[in-house]
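I opened my notebook to look through this structure one piece at a time. Here is what I looked up, in the order I went.

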Amino acid sequence: MALLELNKVKKIYQQGKIEVPALRGIDLAVEQGEFTTIFGPSGSGKTTLLNMIGCLDIPSEGEVKLNGDEVSKLSQTELAMVRRYNIGFVFQAYNLIPVLTAYENVEFAIRLINHSKKAQIKDKVLKMLEEVGLKGLENRRPNELSGGEKQRVAVARALVKEPKIVLADEPTANLDSETGAEVIKIMVKMNQELGTTFIFSTHDPLIMKYAKRLLNLKDGMISGDERR
Amino acid sequence: MFAMKLGLRNLTRQKRRNMITVMVIAYAFFAYLLMDSVMNGMEEMSFVNIRDLETGNIQIVHSDYWEEREELPLENLVYLDQDVEESLKNINGLSGISPELRFIAYLNNGIDELPVLGLGIDPDRYQEVFTTGEYLVDGLMFSLGENKGVLGEKMAQLMNLKINDYITLLVRTKEDTFNTIDVEIAGIVNSTHPMVNSGMVFVPLDIAQRALNVENSVSLIAIKVNPGYEESVTETLNQNFKGKDLNLKAYSWRESAETVIALSTAKKSGIGVVLFVVLLIGIIGIINNVVLSALERTEEIGMMKALGMKEMEIVSVFMVEAIGIGIIGGLIGCLLGAVGVGLLTKYGFDISYAGDMANYGIPILNKIYGIWNFSAFYFLFILGVIVALFSSIIPALWAARKDPVKAIYHR
C-alpha cells in the first residue's frame, strides 16, 4: 500500500462566474521514503497539488488517501489533526515566528504532538538543530539568522515531530545557490537517515538533481513521471 | 501552555500600538476611578454635613408636623413634658439629645432685611448632637437665657455684621402676631455646610420660645446615636412613643435628606454611564489590536494551521495577548488612579468656581475630598480583564478561521 494515493483529483477555483481548473484529474501514488520533485511552469498547479497532499485544501473531485485512509472528506479540525501528526511543511518564506528563538520555533512544532517531559523534548530539539547545522544558534531569533539559517530552522521544525511526509514549496527560491544546496543536502541526509518522504515543488534544477522521482506538471495534469 | 507563552511573547511585538492601547485603557480606568472617588467623597461629605450640622441621626417630631416641616409651622410642635423626657431615657446607643425650635425670621441690621431660618437651641445639648460649635471662627457660643445669637460668616459679611453688633429678628408668633428677638452677636461660624453659613441664626431656646409664645414646645428633637445604632434606636423610640400614647414619630436623617439621596442615586447612574464608556473604550482598543495583529500575522496564522493547530488553540494565542494588554492597562490605570485618589483625599478638589453648591441641593462648601473606594479598584480591574477576554474572542475567531491556503500565500 502506497503512503500517499491521489485518485482522479480535480480542483476547480471559482473566480466570479468563471470556473478555473487548477488540477484536472491527478492520479499519483507515493511510497514511503521517496524524494520526489514536482516541477512545471508557473500556473501548472504545483502549489495546488502540494496543498491537496498536505491536507491544507480539499479536492473538488477525486480522493486523497494517506496511509490508506481517505482524508479528502474530513472536517477542518480532523484535517488539522492529520497535518499535526503526519505532515511537516517547509515554506519558501520560512514562516518562522519572529518572537521565538530558533529553539522555540522548533519546540513549538513538537509541543503540539508530544507531551513528554521538558528535558526529553529539549534533547530532541537540540539534536535536530544540530543535525541541520545550527548548533550554537539555538537562542537566536529569526531576525538574527541568515536566510539559509532560517530555512534550516524551518526544516528542523518540519522534521522534529518525525512526520510521514515533508512537503516543501520552493524551499530554495529565496536562497542563493550555495545556501540552497546546503539546505537540500540536509534534506537528502534526513531522507536517507530517517526514511522521511519528501515532496518538493520547485523550479530549481539543483533540487531536481537530487530527486529520485521527477513529476512534470503541465496545465493541471501530470505529463511526465520519471524515476531514477 | 505554549499558546500562553506565544501570546505573552507577542506582547513584545508592535510595541507602539500595544502601548497606545494600554495607555488608552489605563487613562479610561484612571478617569473612572477619579470620578468614582470624587462622587463618593461628595456623597459622604454631604451625608456627614447633614447628620452633623443639620438633622442629627434621628429627628423626633409630631406626626402631623413632618409633612409640613419645610414651611416651619408653629403648630403640631413637640411639648417637652415628662412623658417625652422619659421616652428618651435609657436607650442603648443614644448619645445626644437636642431640642430645637425652628422658625421663619427676618434678620434686620438696621438697614437691610434678610429672610433666615431661626434656630432656638439649648447650646449644651446642641453640642451633644451637632458639631457647629467646632466651626466658630469668632466669638463664643451663647448660654441659655442670654440675649445673644450666633450666625454664619457669609451672612455676617452680607449684612456687614461683626461680633458684639446687635441684630433684630422679626418673627410671627404662634398666634400670627409680630414680635422681635433682639440679640447681640456672640459668635460667627464658618462650617462646611453652606446653609449654616448663609441662612441660619442660632438663638437660645428659651428666648425663642418666649418670643414665639410656644411655651415649652419645640419643632423637633434631634438625636445622635453611636455608629450602627440608628435603626434600633429609631425602633425603640417609636415603640416608646406608642407605649405612652404620644403622637410623635422618629425619622432617620435619610428621610430628611431626600434631595441629596436622589442626587446620590442619579450619581450612581452617571457613574454607570462613565463605566460603560470606559468599557467601550477598552473593547474598541482590544478589538482594534487583535484585528490589526491578525492582519499583520496572516502568514503566521497560515503556518500555525499548517502545523496542525486547531482553531481554538490559535484563538487562545490572541486571547492571551488581549488579556495581557487588559491586565497591563488595568494595572497602570489602577496605579495612576491610586495616585490621583491619594491626592484627592489629601488636597481635595476645589468647587468654589462652580458657585454655591447649596443652590444645587448639595450641602458642601468650597472643596470636595475624594475617598478611597477599594472595591472600585478590584471591580474595575477584574471587569477590565473579563472585557478584554470577551472582546478578543470574535476577532480572534475571525483570525483563526482564515483559510490556511489563503493565509499562507496571502501575499
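**Entry 1: a sheet in chain A.** I began with a pair of facing residues: L215(A) stands opposite D225(A), which belongs to β10(A). This is a predicted model, so I kept in mind that local features need pLDDT of at least 70. L215(A) took me to the pairing of strand β9 (residues 213-218) of chain A with β10(A), which is antiparallel and runs over six bridges.

Next I asked myself in what order the strands of this open sheet come. I found six strands in the order β6-β7-β8-β3-β9-β10 (chain A), and the pairing is mixed. At the edges I noted β6 (87-90) and β10 (221-227) of chain A; each has a single partner strand, so one side of each has no neighbour in the sheet. From one strand to the next, I noted an average twist of 20°.

**Entry 2: the edge strand β6(A).** I wanted to know which way its residues point. I87(A) and F89(A) point one way from β6(A), while G88(A) and V90(A) point the other way. I also noted that all of these are buried. The partner of β6(A) is β7(A): four bridges join them, and they run parallel. For V90(A), I found the bridge partner A168(A) in β7(A).

**Entry 3: a helix with two sheets to touch.** I then looked at what lies across this sheet. α1(A) lies across β3 (35-39), β7 (165-169), β8 (197-202) and β9 of chain A, and it runs at about 155° to β8(A).

I also looked up an open sheet of four strands in chain A, with the order β2-β1-β4-β5 and antiparallel pairing. Its edge strands are β2 (18-30) and β5 (69-70) of chain A, each pairing on one side only. Helix α1 (residues 46-53) of chain A packs on this sheet too, touching β1 (4-15), β2 and β4 of chain A. Here the direction of the helix makes about 120° with that of β1(A). To finish the page, I checked strand β4 (residues 61-66) of chain A, which pairs with β5(A) in the antiparallel sense over two bridges. Within that pairing, K65(A) stands opposite E70(A) in β5(A).

**Entry 4: a covered strand in chain B.** How many residues of strand β6 (residues 148-152) of chain B are buried? I noted five of its five, so I wrote "mostly covered" beside it. β6(B) has a parallel partner in strand β8 (residues 178-189) of chain B, with five bridges between them. There, G149(B) stands opposite I185(B) in β8(B). β6(B) is also joined by two bridges to strand β9 (residues 200-204) of chain B, and these two run antiparallel. V150(B) stands opposite F202(B) in β9(B).

**Entry 5: nonpolar cores.** My reminder to myself: in soluble globular proteins, nonpolar side chains tend to be buried together. The largest nonpolar core here has 114 residues, and V106(A), A156(A) and F29(B) touch the most other members. I followed V106(A): leaving aside its neighbours within four places in sequence, V106(A) is in contact with residues including V125(A), M128(A), L129(A) and A156(A). A second, separate core has 63 residues, among them L53(B), L94(B), Y126(B) and A208(B).

**Entry 6: where the chains meet.** The contact takes 20 residues from chain A and 18 residues from chain B. On the side of chain B that touches chain A, the elements giving two or more residues are α1 (2-10), α11 (298-306) and α14 (404-408) of chain B. The largest share, five residues, comes from α11(B). By class, I wrote down nine nonpolar, three polar and six charged residues for that side of chain B.

**Entry 7: the domains of chain B.** Chain B is divided into domain 1 (2-51 + 260-408) and domain 2 (64-246). The C-alpha centres of these two domains of chain B lie 50 Å apart.

**Entry 8: two glutamates.** Is E296(B) buried or exposed? E296(B), in helix α10 (residues 258-296) of chain B, has 12 other C-beta atoms within 10 Å and is exposed, because a residue with 12 or fewer counts that way. E296(B) and Q14(B) are 282 residues apart in sequence, yet 10.0 Å apart in space, C-alpha to C-alpha.

E178(A) lies in helix α6 (residues 177-194) of chain A. With 9 C-beta neighbours inside 10 Å, E178(A) also counts as exposed. From E178(A) to G148(A), I noted 30 residues in sequence and 9.4 Å in space, C-alpha to C-alpha.

Key:
Residues are numbered from 1 along each chain as its sequence is written. Chains are lettered from A and ligands numbered from 1 in the order in which they are written. This is a predicted model: local features need pLDDT of at least 70, side-chain atom pairs count only at pLDDT 80 or more; totals for chains, interfaces and linings use all residues. Two residues are in contact if their C-beta atoms, placed from the backbone, lie within 7 Å. Ala, Val, Leu, Ile, Met, Phe, Trp, Tyr, Cys and Pro count as nonpolar, Asp, Glu, Lys and Arg as charged, and the others, Gly among them, as polar. A nonpolar core is a set of buried Ala, Val, Leu, Ile, Met, Phe, Trp, Tyr and Cys residues joined through C-beta atoms within 7 Å. A residue is buried if 20 or more other C-beta atoms lie within 10 Å of its own, exposed if 12 or fewer, and partly exposed in between; C-beta atoms are placed from the backbone. Domain bounds come from an automatic or database domain assignment. Two strands pair if DSSP finds at least two bridges between them. Axes are lines fitted to C-alpha atoms, for helices over the stretch in contact, and angles run from 0 to 180 degrees between N-to-C directions.
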